[in-house]
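This report describes a sheet, the helices that pack on it, and a pocket. The sequence and the model come first.

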Amino acid sequence: MDMKTAMNERHSVRSYLDKPIETDKAQVLQTFINECNNSGDLHIQLVLNEPKAFDCLMAHYGKFSGVQNYIALIGKKTADLQEKIGYYGAKIVLFAQTLGLNTCWVALTYKKIKTAFTVDKGEKLCSVLTLGYGKTQGTAHNGKTIDEICSCETAPAPEWFTNGAKAALLAPTAVNQQKFHFTFKNGSTVKAATKGGFCTKMDLGIAKYFFELGAETEIEWV
């Protein structure tokens, strides 16, 4: 499975089997996370065999079960941290899907286990990704239309822009809010913006990665 196939097949999963992640598979995922950290100047960490974070009232409220593994999304406190976490987190989520692993973005409904990961001075834990073998593969949710999330200053839009927008609609967002917008500008560039709200900067980063994957071309973001 490649990343684009994973993008179409991946859905959020909250319930997991009692099945450990194989050592070789965990090593491959760790290598990919290291590459994302180096590229994005982040401190994302893989946490294995740690059930305490999702054995709490908040996690049960969020309908999580069987979570033994997760990925802590951590980075330096900068103005663009949330968007970077979304962008590189999206890469990791889809890469995990190519390995046959399921995930779910979690912003609040878990307990922070301080001994499970390291948050250095000047850094922030933004979110976590549950990780493992899901009891199901999750389900798709209805969302917005292309016309609702994109516009063009110069019409008609090229095919790559339309393909990018279609892919962005597959991006997971907090409570399926999809508060992002893409504008085709100046005959070649794309402006990505968010209307603001809970987790929308992170959502924008996720959507931008999905947009790039669907467009299959280098995007000049403005």
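## Helices on the sheet

Helix H2 (residues 23-40) lies across E1, E2 and E4, and runs at about 155° to E1. Helix H4 (residues 81-98) also packs on the sheet, where it touches E2, E3 and E4. The direction of H4 makes about 15° with that of E4. These values, like those below, come from a predicted model.

## The sheet

The sheet that these helices touch is open and has four strands in the order E1-E2-E4-E3, with antiparallel pairing. Strand E1 (45-47) and E3 stand at its edges. Each of these two has a single partner strand, so one side of each is left without a neighbour in the sheet. On average, neighbouring strands are turned by 25° against each other, direction ignored.

The table lists the strand pairs, with one pair of opposite residues for each.

| Strand pair | Sense | Bridges | Residues opposite each other |
|---|---|---|---|
| E1 and E2 | antiparallel | three bridges | Leu-46 and Ile-71 in E2 |
| E2 (residues 69-76) and E4 | antiparallel | eight bridges | Gly-75 and Lys-124 in E4 |
| E3 (residues 102-106) and E4 | antiparallel | five bridges | Asn-102 and Gly-132 in E4 |

Strand E4 (residues 123-132) is joined to E2 by eight bridges and to E3 by five. How many of the ten residues of E4 are buried? Nine of them are, so this strand is largely enclosed by the rest of the structure. Buried here means under 20% relative accessible area.

## The largest pocket

The largest pocket holds about 1000 Å³ of space. Its lining is made up of 41 residues, and those closest to the centre of the pocket are Ser-12, His-141, Pro-172, Thr-173 and Asn-176.

Which elements give two or more residues to this lining? They are helix H1 (3-9), E3 and helix H7 (200-215). H7 supplies the largest share, with four residues. E3, named here as part of the lining, is also one of the edge strands of the sheet.

By residue class, the lining of the largest pocket divides into 20 nonpolar, 16 polar and five charged residues.

## Summary

In this predicted model, the four strands form an open sheet in the order E1-E2-E4-E3. H2 lies across E1, E2 and E4, while H4 touches E2, E3 and E4. The largest pocket is lined by 41 residues, and H1, E3 and H7 each give two or more of them.

Terms used:
Residues are numbered from 1 along each chain as its sequence is written. This is a predicted model: local features need pLDDT of at least 70, side-chain atom pairs count only at pLDDT 80 or more; totals for chains, interfaces and linings use all residues. Side-chain values use heavy atoms; hydrogens and water are left out. Buried means under 20% relative accessible area, exposed over 50%, partly exposed in between (1.4 Å probe, protein chains only). Two strands pair if DSSP finds at least two bridges between them. On a 1 Å grid over the protein atoms alone, a cavity is a set of points where a 1.4 Å probe fits but cannot get out, and a pocket is an open set with protein on both sides within 12 Å along at least five of seven lines; lining residues have an atom within 4 Å of a point. Grid points are joined across faces, edges and corners, and a volume is the space filled by probe spheres set on the points. Ala, Val, Leu, Ile, Met, Phe, Trp, Tyr, Cys and Pro count as nonpolar, Asp, Glu, Lys and Arg as charged, and the others, Gly among them, as polar. Axes are lines fitted to C-alpha atoms, for helices over the stretch in contact, and angles run from 0 to 180 degrees between N-to-C directions. Contact means heavy atoms within 4.5 Å.
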